[in-house]
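Me: Got a model open here. Can you walk me through the packing?
Reply: Sure, send it over.

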Amino acid sequence: MKLPRPVIPTLLAIAFLSGWEWYVRTGHVNEVLVPSPSHIFKWFYESLVNGELLSATWVTMRRLMIGFAIGAALGVPLGALCARVRWIRDTLGVLALGLQTLPSVCWVPLALLWFGQEESAVLFVVVMGTIWAVVIAVQESVLSVQPLYLRAGMTMGSQGWHLWSRVIFPAALPGIVSGMKQGWAFAWRSLMAAEIFVVILTGFGLGSLLHAGRELLRMDQVMGVMTVVVGVGLLADIIFFAPLERWLRSSRGLER
Amino acid sequence: MSNDKVITPALTLRNVTKRFVGAAGRVTAVEDISLDVREGEFLVIVGPSGCGKSTLLSLLAGLEQTNEGSILLGEDPVRLPGRDRLVMFQQDALFPWLNVLENVLFGLRLKPGLTEEERLESARYYLSLVGLADKEKARPHELSGGMRQRVALARSLAPNPRVLLMDEPFSALDALTRDQLYGDIQQIFTKRKKTIILVTHNIREAVCLGDRVVLLSPHPGRVREVFEINLPRPRRINDPELASLAAKVTAALSSHINEGVNS
Ligand SMILES: Nc1ncnc2c1ncn2[C@@H]1O[C@H](COP(=O)(O)OP(=O)(O)O)[C@@H](O)[C@H]1O
Ligand SMILES: [Mg+2]
């Protein structure tokens, strides 16, 4: 008999959580340092009820969305420019390649000095986390568009903006989307770093909630927030990027 | 050659030379080619691989520029790609992000002065002409190689170009599909009276399709011989008369190649 696919993971998760619960309750570890799953769940429930968790998630998601949108909106044209103009590729393109390897936490001190403990500082860090990955992905995928498509488009009279919007971008789209996904992951990490390390006066996000948990020695809160952070990352992939990539691949017959 | 050319040819090539500077140094891809292509003529350029056939088509399409000589479309010099000369490539070059109908509409949408209904009607007409009326919603990858090449044909015909340029459009297909397409293309040619320039390395195909067959020799690509093919249409690839003509062209080709080896 074949079990439905979710059965085994669910059973394993229950076994793992029960084992953990049992281990903590029987006093094998200090409960202050390692809270039991039921404790974490209790925190989760309480902070949901008193609105703390939702408001922190909202603050963080808003920063992420705005920062990512700005980063992507700047990154796509800059990447296209890098692909199009040789000297821009040799300057901005190389710079992007270098900055992409820079962990985005490194932008935090700079952001604080420039913008203060403000919303704009967090946004700056998120934008810096997103933009370089997007620039490079767009540049690479535009450069690797099959010349055959360009030739076909051009002989049918497509040129300039029409060629870009109807041939080059659609052809490069799968690569651009993977770049966006990577940019999103970088943005998410950099935002958490910024919120954890910096007290942002303009809003209390998930990172701040996690930081506060540490200050109060509330490990249930720390681990609860970590779970939410993981959940948000997973959800973004499950409800947005994965279906988009799957659709792009299957509609072009690239599915294995 | 008689001197009755009062009518301007559709395409005029005068001493066309194209060189490339590649990794292996300078290559003269085509050298000193002069040709007149008559309006409504089916001209086939045949020659072994590497003799500059694709280069010549790219020059005609305006995708490459000549180093020497000139190309005229009617009276106007050819410099850039243009809707009046559509190309059908060896691989179908259909856009995978568009469905069949949208692919055929691509060139039509760039043609000014048409309403959307007229464009749709025209796209559907050409799709039915190539026998694919029921596939308009399909994506290119859902079609067989032969069907894709038919869509590509419809896409190049739909904007009604003055000249249709075809670069070995059948070489990636199996023999059966190819034979069928030979029929289709001849039917369309007689029906629509297009000027067609087709490039191939298949001599039988050349003799089957062409009003005139131009034999190119390689390194550098030069015109060796021109054959007038006066067989009635539609021609069948297995026709014995066609086969004997093809043998003549093959003999001419190998004598040129041997000549090249001996010299
Ligand atoms: N873009 C290019 N750069 C350098 N060499 C080229 C280029 N295109 C074609 N050639 C050379 O020109 C010659 C003719 O090529 P091509 O026109 O593709 O021949 P064919 O289509 O008859 O096989 C070949 O020797 C080829 O290597
Ligand atoms: Mg070729």
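Me: Start with helix angles. What range counts as roughly perpendicular?
Reply: Angles from 65 to 115 degrees count as roughly perpendicular. Keep in mind that this is a predicted model.

Me: OK. At what angle do the axes of H1 and H2 of chain A cross?
Reply: Roughly 105°. Helix H1 of chain A spans residues 7-25, and helix H2 of chain A spans residues 37-49. Their axes come within 8 Å. H1(A) and H2(A) are therefore roughly perpendicular to each other.

Me: Which residues meet there?
Reply: From H1(A), Leu17(A), Trp20(A), Glu21(A) and Arg25(A). They meet Pro37(A), Ser38(A) and Ile40(A) in H2(A).

Me: Switching to the core. How many residues are in the largest nonpolar one?
Reply: It has 98 residues. Leu206(A), Phe95(B) and Ile197(B) have the most contacts inside it. Helix H8 of chain A, residues 160-197, gives the most to this core, with 15 residues. In chain B, domain 1 (11-84 + 161-262) and domain 2 (94-160) each supply at least three residues.

Me: What does Ile197(B) touch, leaving aside neighbours within four places in sequence?
Reply: Its contacts include Leu11(B), Val37(B), Leu43(B), Val163(B) and Met166(B).

Me: And the second core, how many residues?
Reply: That separate core has 52 residues, among them Ala152(B), Leu153(B), Val213(B) and Leu245(B).

Me: Cysteines next. How many disulfides over all chains?
Reply: The search finds 0 in the whole structure.

Me: Is Cys82(A) buried or exposed?
Reply: Buried, because its relative accessibility is 0%. Cys106(A) is partly exposed, with a relative accessible area of 42%.

Definitions and conventions. Residues are numbered from 1 along each chain as its sequence is written. Chains are lettered from A and ligands numbered from 1 in the order in which they are written. This is a predicted model: local features need pLDDT of at least 70, side-chain atom pairs count only at pLDDT 80 or more; totals for chains, interfaces and linings use all residues. Side-chain values use heavy atoms; hydrogens and water are left out. A disulfide is a pair of cysteine sulfur atoms within 2.5 Å. Buried means under 20% relative accessible area, exposed over 50%, partly exposed in between (1.4 Å probe, protein chains only). A nonpolar core is a set of buried Ala, Val, Leu, Ile, Met, Phe, Trp, Tyr and Cys residues joined through side-chain atoms within 4.5 Å. Helices (H or I, at least four residues) and strands (E, at least two) are DSSP runs, numbered from the N terminus. Domain bounds come from an automatic or database domain assignment. Contact means heavy atoms within 4.5 Å. Axes are lines fitted to C-alpha atoms, for helices over the stretch in contact, and angles run from 0 to 180 degrees between N-to-C directions. Angles under 35 degrees count as roughly parallel, over 145 as roughly antiparallel, 65 to 115 as roughly perpendicular and the rest as oblique.
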